[in-house]
Amino acid sequence: MALEGIKQKMLALNVKTEEAEAKNEELAAKVKTLEQENLAKEQEITSLSHRNQLLEAEVEKLEGHVKEAKIGMNDSAQAATQNESLQRRLQLLEDEAEESDKTLRETNEKLRQTDIKAGHYERKVQALEESRDQWETKYEEMSKKYAEANKALEDFRREIEGL
């Protein structure tokens, strides 16, 4: 009767160990996914930073053109039209640069959130691994106790048979 209870406890411990391992694998997969997302976000940040630098260089170039246009401008309609065109283009590029900066800030925030989530899941994985290790230790202890109980039962049985 007690032997049956021990067997049931050992089976329950095996089931819990398997569940903990499955949860551990699931969380490890989530961590890997978050790390991949993190890498993608970092690549997006790099791309946006490069694009922002190019746009800023273009803005500086256009600002130089605007200054040259102002200096060399005379009363002709052609110079005025060119200046307006450059001003519009400059405004569009500045707007695009501002939008790129906004996107970069948003991406940085998403990256920060992803890092936080990754850290959270890493801690969960660690806790589950510790829990699994504890269950394995308990399982080993119960196995030893079971073996000792079987040995004691066998010794007792031999002693009774000897009487």
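Partly exposed, as used here, is the class between buried, which is under 20% relative accessible area, and exposed, which is over 50%. Glu96 has a relative accessible area of 31%, so this residue is partly exposed. Keep that class in mind, since several charged residues below get the same kind of check. One caveat up front: this is a predicted model.

**The overall picture**

Let's start with the fold. The chain has 2 helices and 0 strands. Its radius of gyration is 35 Å, while the globule rule gives 15 Å for 163 residues, so the chain is more spread out than a compact globule. You can see that in the C-alpha trace too, which spans about 130 × 15 × 15 Å along its principal axes.

As for the inside and the outside, 21% of the 163 residues count as buried. The accessible surface of the chain adds up to about 12200 Å², and carbon and sulfur atoms account for 51% of it.

**How the two helices meet**

Helix H1 covers residues 2-72, and helix H2 takes in residues 77-162. Take the contacts between residues at least 6 apart in sequence: 90% of them join residues at least 24 apart. A handy example of distant sequence positions sitting in the same region is Glu106 with Ile45: they are 61 residues apart in sequence, and their C-alpha atoms are 9.8 Å apart in space. Glu106 belongs to helix H2 and is partly exposed, because its relative accessibility is 42%.

**Salt bridges**

Side chains of opposite charge can pair when their charged atoms come close. Searching the whole structure turns up 10 salt bridges. Here are three of them, with the N to O distance for each.

| Pair | N to O distance |
|---|---|
| Lys30 and Glu26 | 3.6 Å |
| Arg51 and Glu96 | 2.8 Å |
| Arg158 and Glu154 | 3.9 Å |

Which helices does the pair Arg51 and Glu96 involve? Arg51 is in helix H1 and Glu96 in helix H2, so this salt bridge ties together parts 45 residues apart in sequence. Arg51 has a relative accessible area of 40%, so it falls in the partly exposed class, and Glu96, at 31%, is partly exposed as well.

The pair Lys30 and Glu26 stays within helix H1, with the two residues 4 apart, about one turn of the helix. Lys30 is partly exposed because its relative accessible area is 33%. Glu26, at 38% relative accessibility, is also partly exposed.

Over in helix H2, Arg158 and Glu154 are likewise 4 residues apart, about one turn of the helix. Glu154 comes out partly exposed, since its relative accessible area is 30%. This pair has company: salt bridges that share partners link Lys151, Glu154, Asp155, Arg157 and Arg158 into one network.

**A nonpolar patch**

Which residues make the nonpolar surface patch of about 280 Å²? They are Leu153, Phe156 and Ile160. Residues count toward a patch when they have over 30% relative accessible area and no salt bridge. Ile160 has a relative accessible area of 45%, so it is partly exposed, and its place is in helix H2.

**In short**

To wrap up, the predicted model shows a chain of 2 helices and 0 strands, with a salt bridge from Arg51 to Glu96, a charged network that includes Arg158, and a nonpolar patch that includes Phe156.

Key:
Residues are numbered from 1 along each chain as its sequence is written. This is a predicted model: local features need pLDDT of at least 70, side-chain atom pairs count only at pLDDT 80 or more; totals for chains, interfaces and linings use all residues. Side-chain values use heavy atoms; hydrogens and water are left out. Patches are made of residues with over 30% relative accessible area and no salt bridge: like charges are joined within 9 Å, nonpolar side chains (Val, Leu, Ile, Met, Phe, Trp, Tyr) within 5 Å. Accessible areas come from the Shrake-Rupley method with a 1.4 Å probe; for residues, only the protein chains shown count as cover. A salt bridge is a side-chain nitrogen of Lys or Arg within 4 Å of a carboxyl oxygen of Asp or Glu. Buried means under 20% relative accessible area, exposed over 50%, partly exposed in between (1.4 Å probe, protein chains only). The radius of gyration is taken over C-alpha atoms; the globule rule is 2.2 Å times the number of residues to the power 0.38. Contact means heavy atoms within 4.5 Å.
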